[in-house]
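Me: Please pick one part of this model and take a close look at it. Keep the sentences short, and explain each term as you go.

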Amino acid sequence: MQQYRVAMIPGDGIGTEVLPAARAVLDRVAAHHGFALVYDDLDWSCERYRATGAMMPEDGLDRIRHHDAILLGAVGYPGVPDHVSLWGLLIPIRRAFRQYVNLRPITVLEGVPSPVSRARPGEVDFVVVRENSEGEYSEIGGRINRGFPEETAVQETVFTRVGVERILDYAFDLAARRGGRLTSATKSNGIVHTMPFWDQLVAERAADHPGVTWDQEHIDALAAKIVLDPARFDVIVGSNLFGDILSDLAAAVAGSIGIAPSANLDPTGAHPSMFEPVHGSAPDIAGQGVANPLGAIWSAAMMLDHLGRPEAGAQVMAAVRELLATSGVRTRDLGGDAGTGDFTDELLKLLP
Ligand code: NAI
Ligand code: MG
């Protein structure tokens with residue numbers, strides 16, 4: 001039987017509540033489709049940081065370098081600064097494993113009302129492709145003359161031809177497999193060096209993808225259009241910062257942060273990719289057993305696709321759609337009273 005090795009990093013707060021739900025669903029469909037998932041449970045978290053001074057062991061990355069995938073819950077703990085969890089765990093994983101694509105599907109599911117009245121189920125279904133390794137989130141820059149009137153902070157945006165071309169090629173290929181439409185997020189009217197370069201490379205790469213129609217929108221206008229007319233989009237590609245903001249905006253359009261999934265991909269397959277719900281550790285509801293596990297379950301379905309088991313991933317999503325469309329079973333964030341475990345049990349009943 002084929003086995004896949006998965007590094008499990010529940011993290012903190014509700015991360016430790018939603019990953020077991022995802023795992024129960026994974027095990028069910030794996031058994032049905034005749035493969036096995038073998039998990040390594042890792043306690044890498046802010047709690048670990050508080051106890052040992054590090055989010056993960058020094059050789060942490062090497063311990064999971066040869067795994068087939070990583071499933072992460074969420075990290076973040078009151079009292080531990082957010083940059084510790086980000087730069088002590090998430091960013092090292094994304095960068096060391098060259099996960100240069102951040103993928104966030106946005107679908108308005110039947111039975112999950114969107115706060116945006118024009119966002120109707122069956123019509124809104126797009127993907128935000130975020131550049132995940134360079135751009136605005138660079139370590140180049142500095143701060144001088146601290147405390148004086150001339151105190152100065154500089155942070156450089158870095159766009160490399162290799163880095164931009166590979167994310168664009170990924171996005172164009174994805175659009176070709178989906179609805180054939182790509183929108184590039186830009187701001188070349190205000191940002192006069194990096195964004196015109198980005199625009200130029202979009203036009204260059206488009207020439208190699210004649211089957212895809214494309215356009216570009218300034219980020220501010222694009223944000224408004226995602227709210228006003230979300231059904232018009234298929235694939236949206238953006239730099240690290242633009243993609244980050246757009247994907248949270250779009251997740252809100254889909255109804256709840258609790259259901260939004262994401263993938264951090266190394267499309268070359270040389271390193272493990274990482275799958276995680278968009279939400280954080282939600283300290284306000286942690287420990288109560290009320291977190292919505294859908295973001296984690298949907299992320300796990302994306303992991304199955306990535307592992308080359310799309311039939312298993314599709315089965316998970318079909319059950320999710322069925323549960324939401326045909327029952328009133330909802331967690332609290334969606335107006336129901338089902339706990340994390342209740343919701344998961346109902347979902348498991350719809351799986352073989
Ligand atoms: P959050 O996503 O944890 O929570 C925002 C709001 O959404 C809260 O009211 C929470 O109760 C609710 N919520 C989130 N996920 C939910 C779910 N599955 N079911 C029901 N309700 C849900 O974001 P927040 O509060 O800004 O951050 C809390 C901590 O999480 C911070 O330490 C932050 O750094 C961390 N964080 C970690 C992320 C990660 O691990 N990738 C991503 C975002 C935040
Ligand atoms: Mg974000």
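**From one strand pair outward**

Reply: R181 stands opposite T213, a residue of β9. The model is a predicted one: local features need pLDDT of at least 70, side-chain atom pairs count only at pLDDT 80 or more, and totals for chains, interfaces and linings use all residues. Residues are numbered from 1 along each chain as its sequence is written, while chains are lettered from A and ligands numbered from 1 in the order in which they are written.

Now the two strands. β8 covers residues 181-186 and β9 covers residues 213-218. They run parallel, joined by six bridges. (Strands are DSSP E runs of at least two residues, helices H or I runs of at least four, numbered from the N terminus; strands pair if DSSP finds at least two bridges between them.)

Helix α6, residues 194-207, joins the picture. Together, β8, α6 and β9 make a right-handed β-α-β unit. (Right-handed: with the strands pointing away from the viewer, the path from the first strand over the helix to the second runs clockwise.)

What does α6 cross? Its axis and that of helix α5 (residues 161-177) come within 10 Å and cross at roughly 45 degrees. (Axes are lines fitted to C-alpha atoms, for helices over the stretch in contact; angles run from 0 to 180 degrees between N-to-C directions.) α5 and α6 are therefore oblique to each other. (Under 35 degrees counts as roughly parallel, over 145 as roughly antiparallel, 65 to 115 as roughly perpendicular, and the rest as oblique.) The α5 and α6 crossing is right-handed. (Here the near helix is turned clockwise from the far one by less than a right angle; anticlockwise would be left-handed.)

Step back to the sheet. It is open, has 10 strands and mixed pairing, and follows the order β2-β1-β3-β12-β11-β4-β5-β10-β8-β9. β9 is an edge strand, and so is β2 (35-41): each pairs on one side only. On average, neighbouring strands of this sheet are turned by 25 degrees against each other, direction ignored.

Further along the order, β3 (residues 69-74) pairs with β12 (residues 273-277). This pairing is parallel, over three bridges. I70 has M274 in β12 as its bridge partner.
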